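Me: I have a protein model to go through for class. Could we look at it together, one topic at a time?

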Amino acid sequence: MQVKAIKTAPFKDQKPGTSGLRKKTSVFKTPGYLENFIQSIFDCMKEKRAIVLGGDGRYYNNEAIQTILKMAAANGIGKVLVGKGGILSTPAASCVIRKYGLSGGIILSASHNPGGPEGDFGVKFNIQNGGPAPEAVTEAIFRRSLEITEYKIIEGCGEIDIGKVGKSRLHQTEIEIFDPVSDYAALMEGLFDFERINGLLRSGFSMRFDAMNAVTGPYAEEIFERRLGAPSGTVINGTPLPDFGGRHPDPNLTYAKGLVDLMFSPGAPDLGAASDGDGDRNMILGKGIFVTPSDSLAVLAANADTVPGYKDGLKGVARSMPTSAAVDRVAETLHIPCYETPTGWKYFGNLLDADLVTLCGEESFGTGSIHIREKDGLWAVLFWLNILATRNKGVAEVVQGHWRRFGRNFYQRHDYEDLDQDTARLLIERLRNALPGLKNKVFNGYEIEAADEFSYEDPVEGGLITGQGIRIMLKGGARIVFRLSGTGTSGATLRIYLERYEKVPDLHIQEPKDALRGLVSAADGIARIKETLKRDEPTVIT
Ligand code: VG1
Ligand code: CO
């Protein structure tokens, strides 16, 4: 067994996006590609005491873990904790980094992107606080990847067994294979009223959790079925599969259609939920109702007093810019600050570290809190269960009551996927150029009150982050946002976020598509979407 320095040449495209580096699996399998990126991470780590390593179980997970372990040992990392079987959800990784004071973590996942040889693979690097590496760190890693000339790896050591809990050594590095579920489950038990939720689940309340054959299966089975006593079969698609059973592990109305159909059928359970590839997203449904992630965040904030972990109140809340303003109204009522950040969880880290906010969330099915530094799918489901158990109400009743109290923010996101990159960029560029002249213009009856390109100054670190989406604010409180996705691996994805506030309770019962129809036409008028993209409909509406 010896440390070898292997000569390599930079790949020019290792710039991390909204959340880590995501590429086609075939790209990651190119000799040197994974190695270069991992070496760039190690080169940028100031402290190399101990890291956690694992992934969402997708195709290439275990091969990548073998490579990374050999590289970690060659790079003098003191200790590597590896989730048994290579399994580790993103929130569990964050939990473990914080609990054991590690130097960071590497999570192998392309989150909600499909997996398999034809699918996507990804690498995320988290820092000491348990959160995604902030912009300054990902930039440094990218710069390093452009000048790399060699990577270090142990050769001649054979396969490392990651299938059994236990400790071993590789060169000077301690390797500990640990149960990826127990620390996370213990954290959840400390936050929520498990006794009360157990009572609810034994009182005839029924739920269905779709793990989408991704990472949360083992976590959900342990927490819902074993610790909370839900009947077996509550968790469906609970086995992590390398190709997610051929599905898109994205919990939304399109890709979790089976669950959605069940929740809108006559025999629907009381609660339906799902999470994504790496377990940080959540979708919440009640009998005949889909809760938008923006509304979900607002409901959690308004009912946080029912949950033991948050009973002392919230310091503040934060949402990403395209997320609806539903939570802003709750913050106003609670007299707490509400921060608006760019898209991506990395921007919440400083606010949480500085204790400025307790809850945060994104419209893209992400909700989380100060308990870790990632969004957390199962945490959100437990939060809902805790609310339902305490309030003794159904999902629809809670949501409709919320609208009556705060008004309703009708909300939709329209995604146009797999676009030609130049065409998508051109559309945004044209909007940017049109910004100065948009004020007071009227599109389909909507008058533009203000329009800009969102930028953000981190209140803790300072530093301006620019180019974070085109915002069109309309008279009467409606809003349209245009931005390009930073997580795709082929072509471009245009996201259009539509929102309209409605105070009048009698009008809350409309379908979002009806309530937003006029706004959709206005968006098309402003950006000439159909004409430019030559598409009649979005690929996905959530
Ligand atoms: C998307 C979402 C964003 C989320 C990111 C990572 O990014 O819009 O809100 O933080 O995915 O989530 P983009 O740039 O494609 O819009 V995950 O669960 O994929 O780590
Ligand atoms: Co995810």
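Me: How many residue pairs are in polar contact between domain 1 and domain 2?
Reply: This is a predicted model. Between domain 1 and domain 2 there are 15 residue pairs in polar contact, counting pairs in which both residues have pLDDT 80 or more.

Me: And which elements of domain 1 supply the side that touches domain 2?
Reply: Helix α4 (90-99) and strand β6 each supply at least two residues of that side. The largest share comes from α4, with eight residues.

Me: How many salt bridges are there across the interface of domain 1 and domain 2?
Reply: The rule finds four across that interface.

Me: Where do the domains begin and end?
Reply: The chain is divided into domain 1 (2-178), domain 2 (183-406) and domain 3 (408-541). The C-alpha centres of domain 1 and domain 2 are 28 Å apart.

Me: How many residues are in contact there, and what area do the two domains bury?
Reply: On the domain 1 side 36 residues are in contact with 33 residues of domain 2. The two domains bury about 2,600 Å² between them, and 58% of this lies on carbon and sulfur atoms.

Me: New topic: what are the protein donors of the cobalt ion (ligand 2)?
Reply: They are Ser111 (OG), Asp276 (OD), Asp278 (OD) and Asp280 (OD), at 2.0 to 2.2 Å from the ion. Along the chain, the donors follow the spacing S-x164-D-x1-D-x1-D.

Me: Which loops hold Ser111 and Asp278?
Reply: Ser111 is in the loop between β5 (104-108) and β6 (120-126), while Asp278 is in the loop between β12 (271-275) and β13 (282-286), so the pair ties together parts that are 167 residues apart in sequence.

Me: Are those two buried or exposed?
Reply: Both Ser111 and Asp278 are buried.

Me: Back to salt bridges. What is the total count?
Reply: By the same rule the count comes to 45 salt bridges. One of the salt bridges joins Lys257 and Asp261, with N to O at 2.9 Å.

Me: Where do Lys257 and Asp261 sit in the helix?
Reply: They are four residues apart in helix α9 (residues 257-263), which means that about one helical turn separates them.

Me: Why does that spacing matter for direction?
Reply: An α-helix has 3.6 residues a turn, so residues three or four places apart point the same way.

Me: What is the accessibility of Lys257 and of Asp261?
Reply: Lys257 has 46% relative accessibility and counts as partly exposed. Asp261 has 39% and also counts as partly exposed.

Me: What about Arg495, which residue does it form a salt bridge with?
Reply: Arg495 forms a salt bridge with Asp415, and their closest N and O atoms are 3.2 Å apart. Arg495 lies in strand β26 (residues 492-502) and Asp415 in strand β19 (residues 408-419), so this pair ties together parts that are 80 residues apart in sequence.

Me: Are Arg495 and Asp415 buried or exposed?
Reply: Arg495 counts as buried because its relative accessibility is 9%, below the 20% cut-off. Asp415 is buried as well, with a relative accessible area of 2%.

Me: Last one: which residues of helix α8 are buried?
Reply: In α8 (residues 217-227) the buried residues are Gly217, Tyr219, Ala220, Glu222, Ile223, Phe224 and Glu225. The helix is followed by Gly229, which has a positive phi near 75 degrees.

Methods: Residues numbered from 1 in each chain as written. Chains lettered and ligands numbered in written order. Predicted model: local features only at pLDDT ≥ 70, side-chain atom pairs only at ≥ 80, totals over all residues. Heavy atoms only, no water. Donors = N, O, S within 2.8 Å, 3.2 Å for Na, K, Ca; no water. Buried < 20%, exposed > 50% of the residue type's maximum accessible area, 1.4 Å probe, protein only. Domains from an automatic or database assignment. Contact = heavy atoms within 4.5 Å. Buried area = accessible area lost by both parts, 1.4 Å probe. Salt bridge = Lys/Arg side-chain N within 4 Å of Asp/Glu carboxyl O. Polar contact = N/O pair within 3.5 Å; in protein donor to acceptor, adjacent residues only side chain to side chain.
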